[in-house]
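Me: Please take a close look at a single part of this model, the disulfide and what surrounds it. Which residues are involved, and are they buried or exposed?

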Amino acid sequence: MSDLLLDDILADIEEFIEIVLARTVNIHVADDFISDDNAIILFDSILMRLQAIGELFKSAESRYKECFETHKNDDIVGIIKLRDIISHHYIDLDAEIIFDICKNHLPNLMDSIRVIRKNCL
């Protein structure tokens, strides 16, 4: 089963993850996100990319239910939930949580994309 749209969505997600990973390469602790005005601008830009990643996964899950029933994992569920939190509870976001997501969960999402591509395209 090959679907160009799913491949496009996954490519966009990969691109956004790569952007976040590149922008956070010099973020070593969560406080680096809030250390000065430039850090806060970076934090805001990271949040917008994370929101977009969550939205894209949410859209893909909705359109490709069969694939995501089999391949959805905690990281995919988490990024979709994070999208809702960023959208509706922006003021309550914790830099520690975002730091953990960027450093520990985004690489796992890249692995998930590879599995989805292998099995659903």
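Reply: What follows starts with the disulfide and then moves to its surroundings.

This is a predicted model, in which local features need pLDDT of at least 70 and side-chain atom pairs count only at pLDDT 80 or more, while totals for chains, interfaces and linings use all residues. Residues are numbered from 1 along each chain as its sequence is written, and side-chain values use heavy atoms, with hydrogens and water left out.

The structure holds one disulfide (a pair of cysteine sulfur atoms within 2.5 Å). C67 and C120 form this bond, with an S to S distance of 2.0 Å. The torsion about their S-S bond is about 90°, so the disulfide is right-handed. C67 sits in helix α3 and C120 in helix α5, so numbered from the N terminus as DSSP runs (H or I, at least four residues); the two cysteines are 53 residues apart and link distant parts of the chain. Both are buried (under 20% relative accessible area, 1.4 Å probe, protein chains only).

H71 also lies in helix α3. H71 has a relative accessible area of 17% and is therefore buried. Leaving aside residues up to four places away in sequence, H71 touches C120 itself, along with I76, V115, I116 and N119; contact means heavy atoms within 4.5 Å.

Another cysteine, C102, has 1% relative accessibility and so counts as buried.

Terms used: Buried < 20%, exposed > 50% of the residue type's maximum accessible area, 1.4 Å probe, protein only.
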